[in-house]
Amino acid sequence: YHYTAVAGAQSAATVPLETAFGTTFLLPYDGTDGLQTGVALANLSSHAATLTITALDENGGTIGTSSVALPASGHTSFMLSDKLPAITSNRGVIRFSSSGAANISGLALRVYPTGGFASVPKF
């Protein structure tokens with residue numbers, strides 16, 4: 001990914017190619033100091049799925065939940081704070097879990113207040 005901010009600052013990020021998919025994955029997030037996390041999700045299955053999105057803080061406590069529907073072989077993207085406002089001013093891990101046996105994947109970008117961004121590793 002490459003982006004040039006309005007002020008001319010340049011950002012670039014790479015995301016590793018993934019070959020193993022499952023029904024659950026984790027992404028770290030950081031909502032402190034004006035940071036935001038953008039997420040893109042994909043349903044690699046031939047049937048629709050509902051993903052449960054659970055925000056855990058640094059101590060492992062649940063601070064919010066949400067869900068998103070993904071059509072068969074579909075995808076979506078959003079800013080995490082739009083779905084989970086509780087992550088603002090917190091950091092921790094987001095757990096994505098699919099209903100049924102749908103294989104899911106995703107990636108995230110950390111967006112800085114200055115307009116730059118970096119990729120976020122999935123685990």
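**View 1. Strands β5 and β8 side by side.** In this predicted model, β5 and β8 run antiparallel and are joined by seven bridges. To find your way along the pair, start at Thr54: its bridge partner in β8 is Arg95. Strand β5 covers residues 49-57, and strand β8 covers residues 91-98.

**View 2. Strands β3 and β8, another antiparallel pair.** Here seven bridges join β3 to β8. Two places are handy as markers. Thr24 has Ser97 as its bridge partner in β8, while Tyr29 stands opposite Gly92 of that strand. Strand β3 itself takes in residues 24-30.

**View 3. The open sheet as a whole.** Zoom out a little and four strands come together in an open sheet, in the order β3-β8-β5-β6, with antiparallel pairing. Which strands stand at the edges? They are β3 and β6; each has a single partner strand, so one side of each has no neighbour in the sheet. On average, neighbouring strands of this sheet are turned by 20 degrees against each other, ignoring direction.

**View 4. Phe25 and Phe96, a stacked pair of rings.** Searching the whole structure turns up one aromatic pair. The pair is made by Phe25 and Phe96, stacked with 4.9 Å from centre to centre and 20 degrees between the planes. Phe25 belongs to strand β3 and Phe96 to strand β8, so the rings tie together parts that are 71 residues apart in sequence. Are these rings buried or exposed? Phe25 is buried, with a relative accessible area of 4%, and Phe96 is buried too, at 0%.

**View 5. Asp30 meets Arg91.** Side chains of opposite charge can pair when their charged atoms come close. The whole structure has two salt bridges, and one of them joins the side chains of Asp30 and Arg91, at 3.6 Å from N to O. Asp30 sits in strand β3 and Arg91 in strand β8, so this salt bridge links distant parts of the chain, 61 residues apart. Asp30 is buried, with a relative accessible area of 14%. Arg91 counts as partly exposed, at 34%.

**View 6. Glu58 joins in.** Stay with Arg91 and look for Glu58: their side chains also meet in a salt bridge, 3.8 Å from N to O. Where does Glu58 lie? It is in the loop between β5 and β6 (62-70), and with Arg91 in strand β8 the pair ties together parts that are 33 residues apart in sequence. Glu58 is exposed, its relative accessible area being 57%. Put the two salt bridges together and you have a network linking Asp30, Glu58 and Arg91.

**View 7. Thr37 and its surroundings.** Look for Thr37 in strand β4, which covers residues 36-43. Thr37 is buried, with just 3% relative accessible area. What does Thr37 contact, leaving aside neighbours within four places in sequence? Its contacts are Tyr29, Asp30, Phe78, Met79, Leu80, Ala108 and Leu109. Two of those names have come up before: Tyr29 was the residue opposite Gly92, and Asp30 was a salt-bridge partner of Arg91.

**View 8. Lys83 over the ring of Phe78.** Another of the residues in contact with Thr37 is Phe78, and its ring has a charge sitting over it. The charged end of Lys83 is placed there, 5.4 Å from the ring centre.

**View 9. Tyr112 in its loop.** For the last stop, go to the loop between β9 (104-111) and β10 (117-120), where Tyr112 has its place. Tyr112 is partly exposed, with a relative accessible area of 33%. Not counting residues up to four places away in sequence, Tyr112 touches Leu35, Phe117 and Ala118. How many residues separate Tyr112 and Gln36 in sequence? They are 76 residues apart along the chain, yet 6.7 Å apart in space, C-alpha to C-alpha.

Conventions. Residues are numbered from 1 along each chain as its sequence is written. This is a predicted model: local features need pLDDT of at least 70, side-chain atom pairs count only at pLDDT 80 or more; totals for chains, interfaces and linings use all residues. Side-chain values use heavy atoms; hydrogens and water are left out. A salt bridge is a side-chain nitrogen of Lys or Arg within 4 Å of a carboxyl oxygen of Asp or Glu. Helices (H or I, at least four residues) and strands (E, at least two) are DSSP runs, numbered from the N terminus. Buried means under 20% relative accessible area, exposed over 50%, partly exposed in between (1.4 Å probe, protein chains only). Two strands pair if DSSP finds at least two bridges between them. Axes are lines fitted to C-alpha atoms, for helices over the stretch in contact, and angles run from 0 to 180 degrees between N-to-C directions. Contact means heavy atoms within 4.5 Å. Rings of Phe, Tyr and Trp (its six-membered ring) pair if their centres lie within 6.5 Å; planes under 30 degrees apart count as stacked, over 60 as edge-to-face and the rest as tilted. A charge sits over a ring if NZ of Lys or CZ of Arg is within 6 Å of the ring centre and within 35 degrees of the ring normal.
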